[in-house]
Amino acid sequence: MTTDVAASITGRRRPALPSYERPSGVHPPLDFAGYRSTERRHPRGPLMLLPHRLTEVTGPLLGEELITPADADLTTQHAGEPVGQRIIVTGRVLDSDGRPVPDTLIEIWQANAAGRYRHAREHHPAPLDPNFDGIGRCITDSAGRYRFVTIAPGSYPWGNHHNAWRPAHIHFSVFGHAFTQRLVTQMYFPGDPLLPLDPIFNSVPDEKARQRLIAGFDIELTQPEWALGYRWDIVLRGRGATVFQ
Amino acid sequence: MPELTPSQTVGPYFAMRLPWPQGPFVVPEGTPGAVTIVGRLYDGAGEVIPDGLIETWQAGPDGRFAHPDDPRGPAPGGYHGFRGFGRCPTAPDGSYRIVTLKPGPLPAPDGSIEAPHLDVSVFARGLLDRVVTRMYFPDEQAANAADPVLCSIREPARRATLIAVPEPEGELRFDIRLQGEDETVFFDV
């Protein structure tokens, strides 16, 4: 059994597995004193290096069966229109080699215009909007593009420290095509005065990397008499050079 | 070249969007040969984490992936209803449950064999990036002893954090401890 398995990949046709870039200094540290919840939730032991083998270079290719086109418009999921500033959020999912990442699932969730999430454990005394769930999904097209229509989320208090308010943001979950590419992050809005005060945003050590979390306002994308346009690209780890064994 | 987008925490409200009803079922419940993985997620004070998310990714029973980067290609016929991917939010008692098929051993390009395993991602409020671990099977002692990843962990007690424990009812228990004395081994992936 063992020999057969080995032969299936080390036989005459030498397989080539991609090896993904290992980011350095881009992601936040797991232990970040400004964000109190990290204190008891970060591993203290060293992270062990995991070489990229079959399990890491493959990943779930979740498809169309999960979504409907309506999932990408958060303003039309109920009978009435939600309250708030209508916005379009669009961009591309790319890898760090510059290649688009097509056919990959994006999931988003956010607060409503008043800064209230539709969640049982949310107790911020701001109103829920009966016409807004704050959840969306879509799959990137062949050029890696995605597009959501939604409402600008409000800021909300979160109790991390005195007078702590999260800057407005939309949560994004992206798969990419490999386990190594999986990314959960948050998109912020330009000019938000809360950004310099937010420990979660500022946990990203590099200033330039931090700026990549902020969408750009785009007047060309903005639709007259209807909605403001924001553009935000998401960049996942690239494959780099293929390693032949 | 475009530069990487940094990670941010999944936060406390991901349950609005990320769980889906079939998420914990890598195969439908009742599939012949299915194994059930149960466990709890703990923090550094030994308290359960009720707002975490567990994701699993694994090969099929033949050790293959239905993915273009598996150079052997998908198994002929495949396994009916097998998705390879599982997702389960933790309950108020910190527990999660995944129903799946046991993966086969995996050939590595250097000729070594990886023992059957699942790659496991953990997301939670307070985790600014996911943490990644692996679950191995307790009935694979010989394969585990030869596994290149397990062999890279010198201390037996640390290695043991990656091996599930059989439960009397036939389930496999894989508890995950983010911090503390029995801290699970996590990987730089």
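User: Before we start, what is a polar contact, and how many residue pairs make one across the interface of chain A and chain B?
Analyst: A polar contact is a pair of N or O atoms within 3.5 Å, where within protein one must be able to donate a hydrogen and the other to accept it. This is a predicted model, and both residues of a pair must have pLDDT 80 or more to be counted here. Across the interface of chain A and chain B, the number of such residue pairs is 34.

User: Thanks! Which helix gives the largest share of the side of chain A that touches chain B?
Analyst: Happy to help. The helix in question covers residues 2-10 of chain A and brings six residues to that side. The name you want is helix H1.

User: How many nonpolar residues does the side of chain A that touches chain B have?
Analyst: Let's go class by class. This side has 21 charged and 26 polar residues. The nonpolar class there comes to 47.

User: What area do chain A and chain B bury between them?
Analyst: Good one! The size of an interface is often given as the accessible area lost when the parts come together. Of the area buried here, 62% is on carbon and sulfur atoms. For chain A and chain B, the buried area is about 7500 Å².

User: Is A:Cys138 buried or exposed?
Analyst: A residue counts as buried under 20% relative accessible area. A:Cys138 has a relative accessible area of 7%. Because that value is under 20%, A:Cys138 is buried.

How values were computed:
Residues numbered from 1 in each chain as written. Chains lettered and ligands numbered in written order. Predicted model: local features only at pLDDT ≥ 70, side-chain atom pairs only at ≥ 80, totals over all residues. Heavy atoms only, no water. Buried < 20%, exposed > 50% of the residue type's maximum accessible area, 1.4 Å probe, protein only. Buried area = accessible area lost by both parts, 1.4 Å probe. Polar contact = N/O pair within 3.5 Å; in protein donor to acceptor, adjacent residues only side chain to side chain. Helix = DSSP H or I, 4+ residues; strand = E, 2+ residues; numbered from the N terminus. Nonpolar A, V, L, I, M, F, W, Y, C, P; charged D, E, K, R; others polar.
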